[in-house]
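Open the model in your viewer and colour it by secondary structure. The stops below go from the ligand outward to the sheet and then to a few backbone details.

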Amino acid sequence: MTAPLLSVSDLRIVFDGRHGPLTALDGVSFAIAPGEILGVVGESGAGKSLTGTAVIGLLDPPGRISGGEIRLDGQRIDNLPPEAMRKLRGRRIGAIFQDPLTSLHPLLTVGEQLVETITTHLPVSASVARTRALSLLREVGIPAAETRIDQYPHQFSGGMRQRVVIALALCAEPKLIIADEPTTALDVSIQAQITTLLKRLCREHGTAIMLVTHDMGVIAETADRVAVMYAGRIVEIGPVEEVTRRPRHPYTAGLMASIPSVHARHAQLNQIDGAMPRLNAIPDGCAFNPRCGRVQTFCRENKPGLPPGLHGAACHVPLMEPVHA
Ligand SMILES: Nc1ncnc2c1ncn2[C@@H]1O[C@H](COP(=O)(O)OP(=O)(O)OP(=O)(O)O)[C@@H](O)[C@H]1O
């Protein structure tokens, strides 16, 4: 792998509660290369969003980083003062969230928001910024951009609004975009258009994306590599083809089995019995052991680590045979 753009090492996040700190992220490590799309997948509560939130420096109390480090282009960013982090956000790291309306100001036109973001981060005049805003809107596939630029967010459909949010994230040509469930609120046909757009932007601009989603189908279509999270840890990581065709962790295999057909994407991950444990009740040993069909006595006692290498699973009894043809 080339020098990583983002590297997260042994990241730990706790929530300070009345009965002491609860561990929400427990030693998460991964890297993203320039231009690469890393999918981060897992059920609700796995810690996917927390990981993305920590990378963009938006973790709020009572949550806090209690260990590990985050580096962007080699520079440590997890301990930057808030002002420095604010500058970095938007300029070097962009963000796209599930609901476009939370990222857009309802009372400002799309053009005003783009121009403001561009002039905040780049030393250009308002008229140059407007020209750039127009070309960004065209680039993300907004038809009749010259008219649309002066319209308000509510005048756009959900899919078009998400395109505007992507344009906003791209304003300062950040090297990294954190996209948290960017397609979840959209119709299936629109989802495909947005994932195609994200892939094209990565290819054409060399932007890296950390794509957070509960949907293994979106990952399979979009990501280069995938990190599977469970109960605050990465339980499997590897190239998407490898992980989807030959999952090694029984949890990943369960996620794969739960991918609905392309035409029925909205089915939930309901094929693995049981639920993600609460933070105050994470089982000893492998956190997945109560739900695992391959559980052995030692799985209840020893926490498995993620082995080094391109594709690895934190499992004492990994699946080694292809599960999917
Ligand atoms: N402010 C908070 N206080 C206490 N616990 C929190 C807080 N925010 C998140 N958590 C806990 O941290 C864990 C990880 O949350 P996170 O939002 O990262 O999960 P996720 O995998 O992104 O799930 P989802 O898809 O539902 O967003 C969960 O157990 C959640 O309950």
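**Around the ligand**

The shell around the ligand consists of six nonpolar, seven polar and one charged residues. Keep in mind that this is a predicted model. Select the 14 residues that surround the ligand; Ser44, Ala46, Lys48, Ser49 and Leu50 are the closest. Which helix gives the most to this shell? Helix 1, residues 48-55, does so with three residues.

**Helix 1 and what follows**

Stay on helix 1 and show its side chains. Six of its eight residues are buried, so the helix is mostly covered. Those buried are Lys48, Leu50, Thr51, Gly52, Ala54 and Val55. Step past the end of the helix to Gly57, where phi is positive at about 70°. Continue to Pro61 and Pro62: the peptide bond from the one to the other is cis, with omega near 10°. Pro62 belongs to the loop that runs between helix 1 and strand 4 (63-72).

**The open sheet**

Next, select the sheet of seven strands. The sheet is open, its pairing is mixed, and its strand order is 6-7-8-3-9-10-11. At the edges are strand 6 (93-96) and strand 11 (312-313), each of which pairs on one side only. Now pick strand 3 (residues 37-41) and strand 9 (residues 225-230). Are these two parallel or antiparallel? Strand 3 and strand 9 pair in the parallel sense, over four bridges. To see the register, centre on Leu38, which stands opposite Arg225 in strand 9.

**Two loop residues with positive phi**

Most residues other than glycine have a negative phi. Two exceptions are worth a stop. Go to Ala144, in the loop between helix 5 (126-139) and helix 6 (145-148). Phi of Ala144 is near 50°. This residue has 10 other C-beta atoms within 10 Å and is therefore exposed.

Then go to Glu181, in the loop between strand 7 (176-180) and helix 8 (188-205). Glu181 also is not a glycine, and its phi is positive, at about 50°. Is Glu181 buried or partly exposed? Glu181 counts as partly exposed because it has 19 C-beta neighbours inside 10 Å, and a residue is buried if 20 or more lie within that distance.

**The annotated span**

Finally, select residues 6-256, which an unreviewed UniProt entry lists as "domain: ABC transporter". The span is 41% helix and 28% strand. Draw a distance between its end C-alpha atoms: they lie 27 Å apart.

Conventions
Residues are numbered from 1 along each chain as its sequence is written. This is a predicted model: local features need pLDDT of at least 70, side-chain atom pairs count only at pLDDT 80 or more; totals for chains, interfaces and linings use all residues. A residue is near a molecule or strand if its C-beta atom, placed from the backbone, lies within 6 Å of it. Ala, Val, Leu, Ile, Met, Phe, Trp, Tyr, Cys and Pro count as nonpolar, Asp, Glu, Lys and Arg as charged, and the others, Gly among them, as polar. Two strands pair if DSSP finds at least two bridges between them. UniProt positions are given in the numbering used here, feature names are shortened, and annotations may be inferred rather than shown by experiment. A residue is buried if 20 or more other C-beta atoms lie within 10 Å of its own, exposed if 12 or fewer, and partly exposed in between; C-beta atoms are placed from the backbone.
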